[in-house]
Amino acid sequence: MSTPKEVLELAKKAGAKMVDIKFVDTFGSWQHFSVPTGELTVEVFEDGFGFDGSSIRGWKSIEASDMLAMPDPATAFIDPFCAVPTLSLTCTIAETGTKEAYNRDPRGIAQRGEKYLQSTGVADTAVFGPEAEFFIFDNVQYDSKANGTFYSVDSEEAAWNTGRDEMPNLGYKIRHKEGYFPVSPADTQQDIRTEMCLVMEALGIKVERQHHEVATAGQAEIDFRFDTLVKTADTMMLYKYIVKNVARKHGKTASFMPKPLYGDNGSGMHTHQSLWKKGKPLFAGNEYAGLSQMALYYIGGILKHAKALCAICNPTTNSYKRLVPGYEAPVNLAYSARNRSAAIRIPTFSESPKAKRIEYRPPDPAANPYLCYTALLMAGLDGVINKIDPGEPLDKNIYELPPEELKKVPNVPGSLGEALDCLEKDHQFLLKGDVFTTDFLEMWITQKRKEHDALRLRPHPYEFSLYYDC
């Protein structure tokens, strides 16, 4: 849909009885409220829907809580998971009275990022293509109390269930780190992933492929077609919504948690990026791996700010269970063609100028996509504008480098706390064009430190194995 009138026609044609007003909160979860279709008029796309924002995480206090949800007609779809025909609209949040974009609204931040890009004259379009991984479990249980804590996840295809009494146990289990790409009967989730893809395509998401991922216990990946920054972030929110609800329909649970399993691969969100101007790709050229000098400067900006970026692109304490040197995640801040052990990879599947891009591999799908992609754009633009040299590429298997060479390759931070320290020291690049604000970053750091401290203060079950009899 592209106009309010077309949205009203869609609602009428589908027999919609309700309109679901969706928006993203600070930390990347969709929130919503619903109104009868009689409340949906052409004027409301300009006037917005009023609501109380005081209870939204990281948003306004009770004394200044009135806010407006401004629907974007381009995001309209009929929600396939509602029993009653329901039209869904994604909104940007605005202040009442002035209707100015709220500075803590992630979608508004992403929109300002796109406007800042255009104002620089460097390019008019930033293109993003994320590869989000996730797990589809059969059961999850967890609890945390003053006197004890535990978690347990399970899957019928998990390696630890070879001895389970399943009456009968057929033995087709996926061993740790051997989930890439077995066919059925080992891969038990082909049909559920296909259903997710079909729902995505029915709602306008262009799916490129789906497959089982490396880990046991139902790790999956579904890739969709790249698009502009805000549209890609909108798609990622819808993608997560579909994945979780299709899983629930089948009595399963889907998680985008970066590292839910010990001893197996975590879930990343490798993020492909490129800049365009007047329909022309700007990352193709005659430099290393067929890149342009602009693309190399963009890489230089991301590598310079990579440690600060982790506080936004890897925003949970669990993120750093995945980002561990020597394991599967790309923690080494280097760039290379084809080399998946580097934080930045230059894909070489195609020689077409339109396919030239960079792939930043550290992010994970717990990140708020609006904030993650915008922060990456701001870092890359800082590199382009200030001509930041990325240094020489590293065309070696970083995991097999001798210690004296490996010490010269910088790493991402080792914890959320370290990442927040880096963001405190290095955030001026995010403030350009008022894309991010000091108010937002102070709130983000404060809230994330609370998460870091909440884990830091709690005993871990494994500590009892190590120390109980000391």
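Where in the chain is Gly171 found? Gly171 sits in the loop that runs between β9 (148-154) and α4 (190-202). Before going further, keep in mind that this is a predicted model. The chain as a whole has 13 helices and 18 strands, and buried residues make up 53% of its 470 residues. Here's a quick tour, from the whole chain down to a few single residues.

**Overall shape**

- Measuring tape out: the C-alpha trace spans about 65 × 60 × 50 Å along its principal axes.
- For a chain of 470 residues, a compact globule would have a radius of gyration near 23 Å, and this chain has 23 Å, so the two agree.
- Among contacts with a separation of 6 or more, 68% link residues that are 24 or more positions apart.

**Surface and charge**

- About 21,900 Å² of the chain is exposed, and carbon and sulfur atoms supply 52% of that area.
- On the charge side, there are 53 positive and 62 negative side chains.
- The centres of those two sets of charges lie 3 Å apart.

**Gly171 and its loop**

- Back to the opening residue: Gly171 has a relative accessibility of 46%, so it counts as partly exposed, falling between the 20% and 50% cut-offs.
- Gly171 and Ala159 are 12 residues apart along the chain, and their C-alpha atoms are separated by 9.5 Å.

**His211 in its strand**

- His211 belongs to strand β10, which covers residues 207-212.
- Is His211 buried or exposed? Its relative accessibility is 9%, and because buried means under 20%, His211 counts as buried.
- Leaving out residues up to four places away in sequence, His211 touches Tyr180, Phe181, Arg193, Ala220 and Glu221.

**Cysteines**

- How many disulfides does the count come to? The count comes to 0 disulfides.
- Take Cys422 as a case: the nearest cysteine sulfur is that of Cys310, 7.9 Å away. A disulfide needs the two sulfur atoms within 2.5 Å, so Cys422 is in no disulfide.
- Cys470, for its part, has a relative accessible area of 86%; that is over 50%, so Cys470 is exposed.

Definitions and conventions:
Residues numbered from 1 in each chain as written. Predicted model: local features only at pLDDT ≥ 70, side-chain atom pairs only at ≥ 80, totals over all residues. Heavy atoms only, no water. Buried < 20%, exposed > 50% of the residue type's maximum accessible area, 1.4 Å probe, protein only. Helix = DSSP H or I, 4+ residues; strand = E, 2+ residues; numbered from the N terminus. Rg over C-alpha atoms; globule rule 2.2 N^0.38 Å. Contact = heavy atoms within 4.5 Å. Areas by Shrake-Rupley, 256 points an atom, 1.4 Å probe, with all protein chains shown as cover. Lys, Arg positive; Asp, Glu negative; His and termini not counted. Charge placed at Lys NZ, Arg CZ, Asp CG, Glu CD.
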